Amino acid sequence: MSADIYFASSAKVWSSIEWVYGIEETGYDGWEISAEGNFRLDNRESLNSIKEVLETTGLKATVHAPFSDLNLASFNYPIYKESIRQLCECIRFSSEITEYVTVHPGYMSPEAKLVPDKVWSLHKEALAEIGKLAEEYGVRVGLENMPAIPGFLCIYPDELFGMIHGIDNVGATVDVGHANTAGELKSFLARIGEAAHLHLHDNNGEHDDHLPLGQGNIDWEMVFDRVSKDYRGIFVVEGRSIEEAAISLEFIRRFDL
């Protein structure tokens, strides 16, 4: 298996950092850091602990920027600007450990839904600012497609790729599990060659369960057949524990990636 496979767990953001050593012990190549809770990178003590783990293991790193209470589509201007600021700060600190950061798109309030064109423009302006800052620090940004939750932007392929179109230094992080909840898995796979980054987890097509691979209804043979032909990048398995990380990695190893 030649593909680099990382593990990420947003369920472990309040845990002690010792759990991360299990990522390497399980056989993964890297860690995608969920930069929330105890792992916020704008906390120098947390960042130093993360660096120590990376230096004392063979793990490489990517970063998933914080998204709790942030909204790049907010019509509340102070919240909008603070969301941009925090993502830019995360990218600035991320540059010390990685060259790739995934960010979430925003979501629309009831008032925002009345003027979708204005939301679209506001969101693209935010991405342009974030992408420019990231380029200064040698970091590539990936905007992630969202699960089928009303109000979220970038649930569908045309929306995700349209949102990043014309924005320098911002690519697409394609989340297979999220695509499955929206019934858009095949349409995302049709454009997987345009993806810069890939998230993998399973579900039954209704909720964003983040199950281990093989425990939902995703056709992984179809996924990996298409991905192996058209995608050249890191694979990030998202799960809730090291035990689930082991299940997913064992499942992936059945395929020629």
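Here are a few questions and answers about this predicted model.

Q: What makes β7 and β8 a strand pair?
A: Two strands count as paired when there are at least two bridges between them. Strand β7 (residues 197–200) and strand β8 (residues 235–238) are joined by three bridges, so they qualify, and they run parallel. In this pairing, L200 stands opposite V237 in β8.

Q: Which larger arrangement do these strands belong to?
A: They sit in a closed barrel of eight strands, in the order β1-β2-β3-β4-β5-β6-β7-β8, with parallel pairing. On average, neighbouring strands are turned by 30° against each other, ignoring direction.

Q: How do you know that α5 packs on the sheet?
A: Contact means heavy atoms within 4.5 Å, and helix α5 (residues 157–164) touches β5 (140–144) and β6 (170–175). Its direction makes about 160° with that of β6.

Q: Why is α5 called largely enclosed?
A: Buried means under 20% relative accessible area. Six of the eight residues of α5 are buried, so the rest of the structure largely encloses the helix. Those six are P157, E159, L160, F161, M163 and I164. They pack against α4 (116–136), β5, β6 and α7 (185–189). After α5 comes G166, with a positive phi near 80°.

Q: Why is F75 called partly exposed?
A: Buried is under 20% and exposed is over 50%. F75 has 34% relative accessibility, which falls in between, so it counts as partly exposed. Its place is in the loop between β3 (60–64) and α3 (77–94).

Q: What makes F75 eligible for a nonpolar patch?
A: Patch residues need over 30% relative accessible area, and F75 has 34%. Together with L114 and V115, F75 makes a nonpolar surface patch of about 280 Å².

Note on methods:
Residues are numbered from 1 along each chain as its sequence is written. This is a predicted model: local features need pLDDT of at least 70, side-chain atom pairs count only at pLDDT 80 or more; totals for chains, interfaces and linings use all residues. Side-chain values use heavy atoms; hydrogens and water are left out. Helices (H or I, at least four residues) and strands (E, at least two) are DSSP runs, numbered from the N terminus. Axes are lines fitted to C-alpha atoms, for helices over the stretch in contact, and angles run from 0 to 180 degrees between N-to-C directions. Patches are made of residues with over 30% relative accessible area and no salt bridge: like charges are joined within 9 Å, nonpolar side chains (Val, Leu, Ile, Met, Phe, Trp, Tyr) within 5 Å. Accessible areas come from the Shrake-Rupley method with a 1.4 Å probe; for residues, only the protein chains shown count as cover. A salt bridge is a side-chain nitrogen of Lys or Arg within 4 Å of a carboxyl oxygen of Asp or Glu. Buried means under 20% relative accessible area, exposed over 50%, partly exposed in between (1.4 Å probe, protein chains only).
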